[in-house]
Amino acid sequence: MTNTLQTMRKISKTKNKGALKKTLKPIYRSKVKKFTLRDSNSLEWGTALKPAFQDEQSNVRIYSGDCVDVLQQIAKAEPNGCIDTIFADPPYFLSNGGISCQAGKMVSVNKGTWDKSRGADLNHEFNRKWLEACQKVLKPNGTIWVSGTAHVIHSIGFAMQQLGYKILNDITWVKPNPPPNLSCRYFTHSTETVIWAAKNINSRHLFHYHEMRRMNNGKQMKSVWPILPPATQEKEFGKHPTQKPLELLNRILLSSSNTGDLVLDPFMGSGTTGVAAVQLKRKFVGIELDSIYINTAVKRIQQAERMPRHEQLPLAQRLF
Ligand SMILES: C[S@@+](CC[C@H](N)C(=O)[O-])C[C@H]1O[C@@H](n2cnc3c(N)ncnc32)[C@H](O)[C@@H]1O
């Protein structure tokens, strides 16, 4: 670029307009090419992959099945990577027959077979497998966010290090009103960690620093985010036991993606990432095992598509 500028300066000094035009052409072309490449985040990945739901207008695709299988198909179709940003909320392996407290009632912590621990080694093997599949579909400068509690987040961080991801931040999501600890033998769990990482050490990741600062009243945004759990309206189409607040996903996508970017959630659940992506005009690919959650996600995403952003569900109150 410096060389090109120097050449342009030289040419303009000689007032040779023809030569200047010739030099400018390739610059213009390369800009157009870059834009076209960025804009061609096609969601067409061959006939092997049939979405359970698709919406051409807002560029949403949902695949039913195991995320590793689906990600491998995408990687086959796009070996150089095609995803700009991933948010993953994998099983926490917490469904161990214990109890918790919800709305003042004692409830089982069992969420489904997908959340059952298979022991530390097999859990880690699973984390490595899906993280490897995610790394393959990320663009060279793409980033991934993974949420988890202490039960899973250390395995996730270690697997990321083993795979050569570049860890950028660990965000502490603080829940201001956590359920009480019924056993009274531990501190009340009130945080989750969200690790943010780039594809590898060479990645030049995107970070909308000024937008984050603006959202934080002109001060640098810290890595501790107090955010309320999902509002009741966010659950109007069905409940998911580990649904994330829309506010969390909005902040994640606003900080690390652009309008038109392709966002992926390999453990889509009730579709929170999809709703945030549609609201913020990003393209979205979701993968989910359970058809009940796919139905909930489709309803939520369709509602987000119908309403202009200013009429959409109020975001959870920002607490800072
Ligand atoms: C922690 S929840 C995600 C909740 C989601 N973030 C939301 O806001 O609703 C994990 C989801 O991943 C799904 N799941 C578990 N294992 C999976 C796999 N191997 N492939 C695809 N989905 C999976 C589960 O059915 C569950 O809905």
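Is asparagine 217 buried or exposed, and how many other C-beta atoms lie within 10 Å? The first legend picks that up, and every view here comes from a predicted model.

**View 1. Asparagine 217, a residue with a positive phi in a loop.** Asparagine 217 is exposed, because just 9 other C-beta atoms lie within 10 Å and the cut-off for exposed is 12 or fewer. You'll find asparagine 217 in the loop that runs between α6 (209-215) and β9 (224-226). Its phi is positive, about 55°, even though asparagine 217 is not a glycine. That's worth a second look, since most residues other than glycine have a negative phi.

**View 2. Lysine 281, just after helix α8.** Here's another residue that is not a glycine but has a positive phi, this time about 60°. Lysine 281 sits in the loop between α8 (272-279) and β11 (283-288). How exposed is lysine 281? It counts as partly exposed, because its 13 C-beta neighbours inside 10 Å put it above the limit of 12 for exposed and below the 20 needed for buried.

**View 3. Helix α8, mostly covered.** Look along α8 and you'll see that eight of its eight residues are buried. The list runs Thr272, Thr273, Gly274, Val275, Ala276, Ala277, Val278 and Gln279. What do these buried residues pack against? On the strand side of the list are β2 (60-64), β3 (83-88), β10 (262-265) and β11. The helices in that list are α7 (246-256) and α9 (291-306).

**View 4. Threonine 272, a buried residue of helix α8.** Zoom in on threonine 272, which belongs to helix α8. Threonine 272 is buried because 27 other C-beta atoms lie within 10 Å, and 20 or more is what it takes. Leave aside its neighbours within four places in sequence, and threonine 272 is in contact with Gln243, Lys244, Leu246 and Leu249. For a distance to check on screen, try the C-alpha atoms of threonine 272 and glutamate 247: they are separated by 9.5 Å, with the two positions 25 residues apart along the chain.

**View 5. The shell around the ligand.** How many residues surround the ligand? There are 18, and the closest are Asp89, Phe267, Gly269, Ser270 and Thr272. So the buried Thr272 of View 4 turns up again here, as one of the closest residues to the ligand. By type, the shell divides into seven nonpolar, six polar and five charged residues.

**View 6. Helix α5 and its buried side.** Helix α5 covers residues 150-163, which makes 14 residues. From its first C-alpha to its last it reaches 20 Å, close to the 20 Å expected at 1.5 Å a residue. The buried residues in α5 are Val152, Ile153, Ser155, Ile156, Ala159 and Met160. They cover an arc of only 165° around the axis, so they end up on the same side of α5. What covers these buried residues? The answer includes α4 (120-137), β6, β7 and β8. Flip to the face turned away from the buried side and you get the exposed residues Ala150 and Gln161. After α5 comes glycine 164, with a positive phi near 85°.

**View 7. Strand β8 and its two antiparallel partners.** Strand β8 spans residues 191-198, and six of its eight residues are buried, so β8 is largely enclosed by the rest of the structure. Strand β6 (residues 138-148) pairs with β8 in the antiparallel sense over six bridges. To find that pairing on screen, go to tryptophan 145, whose bridge partner in β8 is tryptophan 196. Strand β7 (residues 166-174) pairs with β8 too, again antiparallel, over eight bridges. There, isoleucine 171 stands opposite valine 194 of β8.

**View 8. Aspartate 290, in the loop between β11 and α9.** Aspartate 290 is partly exposed, with 14 other C-beta atoms within 10 Å. Which residue is 224 places away along the chain, with its C-alpha atom 9.6 Å from that of aspartate 290? It's aspartate 66.

**View 9. The protein chain as a whole.** Zoom back out and the chain has nine helices and eleven strands. Of its 320 residues, 33% count as buried. Take the contacts between residues at least 6 apart in sequence, and 69% of them join residues at least 24 apart.

Key:
Residues are numbered from 1 along each chain as its sequence is written. This is a predicted model: local features need pLDDT of at least 70, side-chain atom pairs count only at pLDDT 80 or more; totals for chains, interfaces and linings use all residues. A residue is near a molecule or strand if its C-beta atom, placed from the backbone, lies within 6 Å of it. Ala, Val, Leu, Ile, Met, Phe, Trp, Tyr, Cys and Pro count as nonpolar, Asp, Glu, Lys and Arg as charged, and the others, Gly among them, as polar. Helices (H or I, at least four residues) and strands (E, at least two) are DSSP runs, numbered from the N terminus. Two strands pair if DSSP finds at least two bridges between them. Two residues are in contact if their C-beta atoms, placed from the backbone, lie within 7 Å. The expected span of a helix is 1.5 Å times one less than its number of residues. The arc is that of the directions from the helix axis to the C-beta atoms.
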